[in-house]
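User: Could you take a close look at one strand of this protein and then show me how its surroundings fit together? I am new to this structure, so please explain the terms as you go.

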Amino acid sequence: MPLSSRPAGPRSAAKRLHDRFNSPYQAVARFLAQRALLKPLIWSLTSVTVIRSEKLKEVKGGFVVIANHSSHLDTPLIVGSLPRPLARYLAAGAAADYFFNVWWRRGLTALFFNAFPVRRTGTETSSTSARSLLMRGIPVLIFPEGTRSKDGELGRFKPGAAALAAACDVPCIPVALIGAHIAHPRGTNWPRPGRLPVGVVFGDPLRVAEGESKGDFAERTRQEIVRLRDLHSADILGRHTRPRQK
């Protein structure tokens, strides 16, 4: 059979799909929303330090961003700190029972974060949606803890994100978020005043090793995030700008 007449495989067919996740027009609208509105707002409310983003220049195609999760600041911080080529089509997993349960939150998360729903309860998971996006070369952002930490400490990482990266043969980019739980604690509606310091630290891309289980790979990414957090926390959290006295 001539090469040109061979039926396309599922991965090739998936790459041909065009919808909001890979629309260049929506990518332009998202760029304006993220860089003209969201990033200036978050950077004005907090004092942001970004470390090691230059290490990601060689990353192309699909990848999985994995980060610790303790604040509603987390996704905006990551999106605003990634190099523009990597953030352009990044799709963020968002809790279906909160961000997709009313029309206006669903619309805003789609506009600002190219979001797809993650089901935190029941038998359904985000793996099918995330897998289809990765097969199309669309990178995804997943918080493996599944919910925000109450005290900033890392919980157990569920193996789903690591399993996705392994199954789709794409790298994981570990990201340590520092100070977000202090600047915008869980249960609050707005960041604390005073431009409290927060940090976004990117690790080197990781791939599952030969013979490594999905659970072991998930734990390895978790330990790398812990290492990056412990390495940079003192420096980042020490950069507190005292609020002006009125």
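Analyst: In strand S7, Val201 is the bridge partner of Ala176, and this pair belongs to the 4 bridges that join S6 to S7, two strands that run antiparallel. Strands here are DSSP runs of E with at least two residues, helices are DSSP runs of H or I with at least four, and both are numbered from the N terminus; two strands pair if DSSP finds at least two bridges between them. The model is a predicted one, in which local features need pLDDT of at least 70 and side-chain atom pairs count only at pLDDT 80 or more, while totals for chains, interfaces and linings use all residues. Residues are numbered from 1 along each chain as its sequence is written, and side-chain values use heavy atoms, with hydrogens and water left out.

S7 also pairs with S1, to which it is joined by 5 bridges, and these two strands run parallel; here the bridge partner of Val48 is Val198. S7 spans residues 197-202, and 6 of its 6 residues are buried, where buried means under 20% relative accessible area, exposed over 50%, and partly exposed in between, with a 1.4 Å probe and protein chains only. Both faces of the strand are covered, with Pro197, Gly199 and Val201 buried on one side and Val198, Val200 and Phe202 buried on the other.

Stepping back to the sheet, it is open, has 7 strands in the order S1-S7-S6-S2-S5-S3-S4, and shows mixed pairing. S1 (47-51) and S4 (116-118) stand at its edges with a single partner strand each, so one side of each has no neighbour in the sheet. From one strand to the next the twist averages 25°, with axes taken as lines fitted to C-alpha atoms, for helices over the stretch in contact, and angles running from 0 to 180 degrees between N-to-C directions.

S6 (residues 172-178) has a further link, since 4 bridges join it to S2 (residues 64-67), and these two run parallel. In this pairing Val64 stands opposite Cys172 in S6. Helix H8 (residues 160-168) packs on the sheet, where it touches S2, S5 (140-142) and S6, and its direction makes about 160° with that of S2.

The loop between H8 and S6 holds Pro171, which is buried at a relative accessible area of 10%. Leaving aside neighbours within four places in sequence, Pro171 is in contact (heavy atoms within 4.5 Å) with Gly62, Phe63, Val64, Pro205, Leu206 and Arg207. Of these, Gly62 is 109 residues away from Pro171 in sequence, with the C-alpha atoms 7.9 Å apart in space.

Val175, another residue to follow, has contacts beyond four places in sequence that include Val65, Ile66, Ile78, Val200, Val201, Phe202 and Ile225. Val175 is also among the residues with the most contacts inside the largest nonpolar core, as are Leu77, Ile78, Leu82 and Leu177, and that core has 34 residues. Apart from it lies another core, of 31 residues, including Phe116, Ala130, Phe217 and Leu228. A nonpolar core is a set of buried Ala, Val, Leu, Ile, Met, Phe, Trp, Tyr and Cys residues joined through side-chain atoms within 4.5 Å.

Charged pairs add another kind of link. The count comes to 8 salt bridges, each being a side-chain nitrogen of Lys or Arg within 4 Å of a carboxyl oxygen of Asp or Glu. One of them joins Asp19 to Arg136, with the closest N and O atoms 2.7 Å apart; Asp19 lies in the loop between H1 (10-16) and H2 (24-45), and Arg136, 117 residues away, in the loop between H7 (127-135) and S5. Asp19 is partly exposed at 30% relative accessibility, whereas Arg136 is buried at 12%.

Arg229 forms a salt bridge with Glu153, the closest N and O atoms being 3.5 Å apart. Because Arg229 lies in H10 (residues 214-237) and Glu153 in the loop between S5 and H8, the pair ties together parts 76 residues apart in sequence. Arg229 is buried, at 16% relative accessible area, while Glu153 is partly exposed at 47%. Arg229 also forms a salt bridge with Asp230, where the closest N and O atoms are 3.1 Å apart, and through shared partners Glu153, Arg229 and Asp230 are joined into one network.
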